[in-house]
Amino acid sequence: MPRFAANLSMMFTEVPFLDRFDAAAQAGFTAVEFLFPYEHPAEAVGDRLKRNGLTQALFNLPPGDWNAGEKGFAALPSRFSDLKAGLETALPYAKATGVKRLHLMAGIANRGERVAIEAFYKSVAWAAEFFAPHGIDIVLEPINARNVPGYFLNDFGFARDLIQELRLPNLKLQFDIYHCQIIHGDVTMRLREMMPIIGHIQIASIPSRNEPDGEELNYPFLFEELDRLGYAGFVGCEYNPRGKTTDGLAWFKPYAGVKP
């Protein structure tokens, strides 16, 4: 049975960020993820996790100036020093939360430019090697061009090839089903093909990015497929609730309380 992690950047936004840990636990989640924790002290985030008996499934490495449109800088040759500084910034949060996987964002760059590809390979290898001694995986997530125009990593095949080429044991694929359906379709076959390199999965309805309870994909089938494939990682609920978060959790009731 899948182990779901509530995404606290998108769910339970009816309450302040630190209170969302309590809300997620009360709703039956045993794990959480979020985009970025950096506006809050690492100790405060870790305390909320421990207080609620929650597991931290994932969060993102610093992306740069998010409000100005930056989406990471791993593929930006001129920002390598910022990338290295971001790894140092994230480390205390990783220690405080006990997280075992971190998402490295590629940034807005042209994948047709050799310098961007070289910068991305360099950044990915550096980040993976930086966190390897701490037992932490780096995950790479292809993101569709409709949601993030110009994002460098917008192809699952490119991500797969890079991971297989670098052969770093703590480098994995973040397989967001929402993004895969928009970019490529054929989600089930891609899950079957890429399962050996998948380190994290995320879900949302397509095309609305709401609760995974309808629209284009049959999520109950996909959840069963994850069991058939032996997936033992987390499934992040990275969706925008249609209304109050708890009012849209009927899909989750059969899975509530599943322990990490």
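This dialogue walks through strand S8, its neighbours, one loop residue and a database annotation.

Visitor: What kind of model is this, and how are residues numbered?

Guide: The model is predicted, so to speak of local features pLDDT of at least 70 is needed, while side-chain atom pairs count only at pLDDT 80 or more, and totals for chains, interfaces and linings use all residues. Residues are numbered from 1 along each chain as its sequence is written, and side-chain values use heavy atoms, with hydrogens and water left out.

Visitor: Are the two faces of strand S8 covered or open?

Guide: In a regular strand the side chains alternate between the two faces of the sheet. In S8 (residues 234-237; strands are DSSP E runs of at least two residues, helices H or I runs of at least four, numbered from the N terminus), Phe234 and Gly236 on one side and Val235 and Cys237 on the other are all buried, meaning under 20% relative accessible area with a 1.4 Å probe, protein chains only.

Visitor: Which strands are joined to S8, and by how many bridges?

Guide: Two strands pair if DSSP finds at least two bridges between them. Strand S1 (residues 3-7) runs parallel to S8 with four bridges, Ala6 being partnered by Cys237, whereas S7 (residues 198-203), also parallel to S8, has three, with Ile201 partnered by Val235.

Visitor: What does Leu76 touch?

Guide: Contact means heavy atoms within 4.5 Å. Leu76, in the loop between strand S3 (55-60) and helix H3 (80-97), touches Ile108, Ala109 and Ala119, not counting residues up to four places away in sequence.

How values were computed
Buried means under 20% relative accessible area, exposed over 50%, partly exposed in between (1.4 Å probe, protein chains only).
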